[in-house]
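I opened this entry to keep track of what I looked up, item by item. Overall make-up comes before single residues.

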Amino acid sequence: MNILLISIVVWSLSLQEITSTEISDGSSLGNGEVKRLLLNDPDVVEARLAELDRDSQEMKKQMAELKKNMTNTMAQVQTQLSQEKTRNDNLMSTVTQLQSSFDREKAKTVNLEAVTSKMSAFIQKGFTAGQSHYDSDRSTRFGGASNLLCLPNNPEMSNKSAAGWSYLYGTEYQQTFFGSGALDEDVPCALCRSKHTYSSVMIPGRKSCYPGWKIEYYGYLASNSYAYKATSFICVDASPEFVQGGKENKDGNLLYGTGTKCGSLPCPPYDDNFAVLCVVCSK
């Protein structure tokens with residue numbers, strides 16, 4: 001009997017807890033109230049599905065917005081990375097160009113030092129001079145000296161007047177052939193002595209020396225025009241210099257680049273109307 005009473009009390013307490021528990025729709029049951037939820041009720045199921053669908057749509061909307069924001073952010077980051085890469089590439093290109101320029105200048109310095117080590121100091125610097133290319137008073141006469149001279153820039157002058165039948169004129173580059181801005185520039189010259197050298201020669205038609213010879217410089221063959229008075233052929237340095245303040249068209253002796261003409265000159269090995277290279281070698 002005691003066992004039966006204890007069971008009834010326990011069951012009564014359990015029932016009281018269940019009937020007072022808050023159910024899923026937010027309402028609570030008081031003592032003695034019973035509320036039943038039918039899972040197969042169409043209205044309830046439809047309401048639950050509609051709620052789930054709304055939640056799903058909201059989640060999809062939020063996901064789409066998040067994806068859009070992420071896409072925009074990634075695009076901005078990619079653009080920034082591309083810009084940084086471009087700036088970095090440009091910087092590297094500039095560094096490479098500067099390094100190349102530095103290497104070239106360094107090589108020039110090394111080569112210049114190597115050449116200088118073979119040569120002593122200049123004996124003299126001066127001005128290239130020869131007879132006038134043309135004399136209007138004696139247009140049918142083409143006599144006089146034909147060689148060119150290197151006059152020093154510190155002359156010692158005589159105290160006698162000239163006889164008037166032979167003159168030296170300064171020399172001008174008569175073409176831009178020799179370099180940009182060379183037209184009408186006056187031509188300087190230098191007299192040098194090479195160390196450990198007992199022989200030197202100017203070789204036309206080449207820019208390098210034959211075996212056993214060392215190069216002093218190379219350039220282009222030049223002389224006066226065939227339309228004027230004759231001059232000797234000289235080898236003008238490939239990187240010519242100009243007399244400071246000498247750019248004025250005063251003519252005098254003139255220099256033109258020399259070319260080849262096929263005919264009695266065999267072609268090949270030569271080509272028609274090409275500038276003639278030259279090199280000064282010593283040993």
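**Overall make-up**

I am working with a predicted model. I began with the secondary structure and found 2 helices and 9 strands. Along the sequence the pattern reads α-α-β-β-β-β-β-β-β-β-β.

Next I looked up burial. Of the 283 residues in the protein, 18% are buried. I then checked the exposed surface, which comes to about 21700 Å². Carbon and sulfur atoms supply 56% of that area.

I also checked contact range. I took contacts between residues at least 6 apart in sequence, and 69% of them join residues at least 24 apart.

**Aromatic rings**

How many aromatic pairs does the structure hold? I found 4. I looked at Phe177 and Phe178 and noted an edge-to-face pair. Their centres are 5.2 Å apart, with 85 degrees between the planes.

I compared the burial of these two residues. Phe177 has a relative accessible area of 36%, so I logged it as partly exposed. Phe178 has 7% and is buried, because the cut-off for buried is under 20%.

Phe177 has a second partner, Tyr220, with the ring centres 5.3 Å apart. Their planes stand at 75 degrees, so this pair is edge-to-face too. The angle settles it, because planes over 60 degrees apart count as edge-to-face.

Where do Phe177 and Tyr220 sit? Phe177 lies in the loop between strand E3 (169-173) and strand E4 (188-194). Tyr220 belongs to strand E6 (residues 214-223). The pair therefore ties together parts that are 43 residues apart in sequence. I logged Tyr220 as partly exposed, at 31% relative accessibility.

I then asked which residues the ring pairs link into a cluster. The members are Tyr173, Phe177, Phe178, Tyr220 and Phe242.

I made one more check on rings. Arg206 lies over the face of Tyr210, 4.2 Å from the ring centre.

**Strand E1**

I moved to strand E1, which spans residues 119-130 and includes Phe127. Thr128 is in strand E1 as well.

Are Phe127 and Thr128 buried or exposed? Phe127 is partly exposed, with a relative accessible area of 38%. Thr128 is buried, at 6%.

I followed Phe127 to the surface. It helps make a nonpolar patch of about 330 Å², together with Leu149, Leu151 and Leu168.

For Thr128 I listed contacts, leaving aside neighbours within four places in sequence. The list holds Leu148, Leu149, Tyr169, Gly170, Thr171, Val187, Pro188 and Cys189. Leu149 therefore appears twice in my notes, because it is in the patch with Phe127 and in contact with Thr128 under the 4.5 Å heavy-atom cut-off.

**Back to strand E6**

I returned to strand E6 for Ser223. Ser223 is buried, with a relative accessible area of 9%.

Which residues is Ser223 in contact with, leaving aside neighbours within four places in sequence? I found Thr231, Ser232, Phe233, Leu254, Leu255, Tyr256 and Thr258.

So strand E6 gave me two entries: Tyr220, partly exposed because its relative accessibility is 31%, and Ser223, buried at 9%.

Terms used: Residues are numbered from 1 along each chain as its sequence is written. This is a predicted model: local features need pLDDT of at least 70, side-chain atom pairs count only at pLDDT 80 or more; totals for chains, interfaces and linings use all residues. Side-chain values use heavy atoms; hydrogens and water are left out. Rings of Phe, Tyr and Trp (its six-membered ring) pair if their centres lie within 6.5 Å; planes under 30 degrees apart count as stacked, over 60 as edge-to-face and the rest as tilted. Buried means under 20% relative accessible area, exposed over 50%, partly exposed in between (1.4 Å probe, protein chains only). Helices (H or I, at least four residues) and strands (E, at least two) are DSSP runs, numbered from the N terminus. A charge sits over a ring if NZ of Lys or CZ of Arg is within 6 Å of the ring centre and within 35 degrees of the ring normal. Patches are made of residues with over 30% relative accessible area and no salt bridge: like charges are joined within 9 Å, nonpolar side chains (Val, Leu, Ile, Met, Phe, Trp, Tyr) within 5 Å. Accessible areas come from the Shrake-Rupley method with a 1.4 Å probe; for residues, only the protein chains shown count as cover. A salt bridge is a side-chain nitrogen of Lys or Arg within 4 Å of a carboxyl oxygen of Asp or Glu.
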